[in-house]
Amino acid sequence: MIVVAGEALIDLVPQGAGALVDLRPARGGGPYNTAVALGRLGSPTAFCSRVSYDAYGEALLDGLREAGVDVAAVQRGSEPTTLALASIGTDGSARYSFYVEGSADRLFETPDRLPRGTRAVSFGTCSLVLEPGASAYEKLLHSTAAQGVFTALDPNVRPGLIPDADAYRARFLNWLPSVSLLKLSEEDARWLGGTPRLWLDSGPAAVVVTHGGDGLTVHTRAGAEHSVQGERVEVVDTIGAGDTVNAALLHGLAAQDALSGSALARLGADDWIRLLRFAARAAAITCSRAGAEPPYAAEVGEPRPLAPAVREVCEVREVCEVREG
């Protein structure tokens, strides 16, 4: 089970150019999109959040259920659903204005326990900014890591929601000792002002940086760096592309039993390249259609088996055969 912890909201997506065009409501939020993408790829997934009882909240839960995501850990509240007004650039990139005051998701409380069989927990986006829920998610991040569970962080920085940039940057550095895998965009990296090497020295076993249509790069604690190009598609918009990358990385690692810091350290160049290509392919499909619509497993295929696990099995069998002989 992979648990995704964070907000669920409604994106209001303009249907044309200009300030007064029609807006189409769409289910969204970085963690929400990640959970849906994981479910569509076939990973057992649970969502840990707080969702409104209003009509938008019901629609958000329906989307999770349709993707096969377990919603038993979702808290509910009578407050309204958070709204994000999207604006789409000529290159398909999205920018957001948020309506968050008094909304249901920011009143999240740290759960007493995670779903049975939890192997990894993913965090990120607005949920780590908006109090009092941000402190509750932060507590869950640290406690989960202390229990030895794999943790993933995608900060997905929204500067318009951050009242004190320096305080947020300091808080971000405080999260890193509890993070196994850090994934962020190059825009996030510039805004945060650090480097992959600095972040690796603080805790994560690997840092994946996305470069939009130019692909992805992974930096490992051992000093390795591997990159792949993005897959070329006709971009409709980029909503949910980074969330799809996040889900694809987690799905690929889970499929190969590599959800641990030590397992990440054993991955070689070929293993990372295969995984990054899988993530790039999944993100490209998301970009080829409107809104956050990540692909299903049948559309993207599966990452091929990782070489280290295969080699280890072969080595054990060879030793057993010698001893039996």
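Which residue takes a positive phi just after α7? In this predicted model, that residue is D257, with a phi of about 55° just past the end of helix α7. Most residues other than glycine have a negative phi, and most peptide bonds are trans. Against that background, a few further backbone features are worth a visit.

T125, although not a glycine, has a positive phi of about 65°. It belongs to the loop between β9 and α3, and T125 is buried, with a relative accessible area of 5%. The loop between β9 and α3 also holds P132, and a cis peptide bond with an omega of about 5° joins E131 to P132. Another non-glycine residue with a positive phi is N156, at about 45°. N156 sits in the loop between β10 (150–154) and α4 (165–175). Because buried means under 20% relative accessible area, N156 counts as buried at 14%.

Helix α3 covers residues 133–146 and includes A134. With a relative accessibility of 1%, A134 counts as buried. Setting aside residues up to four places away in sequence, A134 touches S127, L128, V129 and R171. A134 and T220 are 86 residues apart in sequence, and their C-alpha atoms lie 28 Å apart in space.

Two other helices can be checked against their expected lengths. For α7, 15 residues at 1.5 Å a residue should span 21 Å, and the end C-alpha atoms are indeed 21 Å apart. The 19 residues of α9 should span 27 Å at the same rise of 1.5 Å a residue, which agrees with the 27 Å between its end C-alpha atoms. Of the 15 residues of α7, 13 are buried, so this helix is largely enclosed by the rest of the structure. Helix α9 is also largely enclosed, because 15 of its 19 residues are buried.

The interior comes next. The largest nonpolar core has 53 residues, and those with the most contacts inside it are F47, L64, F150, L216, L249, L253 and L264. Helix α9 (residues 269–287) gives the most to this core, contributing 10 residues. Leaving aside neighbours within four places in sequence, L249 is in contact with L181, K183, V208, L275, L276 and A279. A second, separate core has 37 residues, among them V129, L130, W175 and L192.

Open space in the model is also easy to locate. The largest pocket holds about 1,300 Å³ of space. Its lining has 48 residues, of which R95, S185, E187, T238 and G242 lie nearest the centre. Two or more lining residues come from each of β2 (9–14), α1, β8 (94–99), β11 (181–185), α5 (186–192), α7 and α9. By class, the pocket lining has 20 nonpolar, 16 polar and 12 charged residues.

Enclosed space is found too, in two cavities of 30 Å³ or more. The largest cavity contains about 40 Å³. V4, G30, P31, T34, S122, F123, G124, T125, D154, D243 and N246 line this cavity. At least two of the lining residues are supplied by each of α1 (30–41), β9 (120–124) and α7 (241–255). The cavity lining divides into three nonpolar, six polar and two charged residues. T125 thus appears twice in this account, as a residue with a positive phi and as part of the cavity lining.

Conventions:
Residues numbered from 1 in each chain as written. Predicted model: local features only at pLDDT ≥ 70, side-chain atom pairs only at ≥ 80, totals over all residues. Heavy atoms only, no water. 1 Å grid on protein atoms, 1.4 Å probe; cavity = no way out; pocket = protein on both sides within 12 Å on 5 of 7 lines; lining within 4 Å. Points joined across faces, edges and corners; volume = space filled by probe spheres on them. Helix = DSSP H or I, 4+ residues; strand = E, 2+ residues; numbered from the N terminus. Nonpolar A, V, L, I, M, F, W, Y, C, P; charged D, E, K, R; others polar. Core = buried A, V, L, I, M, F, W, Y, C linked by side-chain atoms within 4.5 Å. Buried < 20%, exposed > 50% of the residue type's maximum accessible area, 1.4 Å probe, protein only. Contact = heavy atoms within 4.5 Å. Expected span 1.5 Å × (residues − 1).
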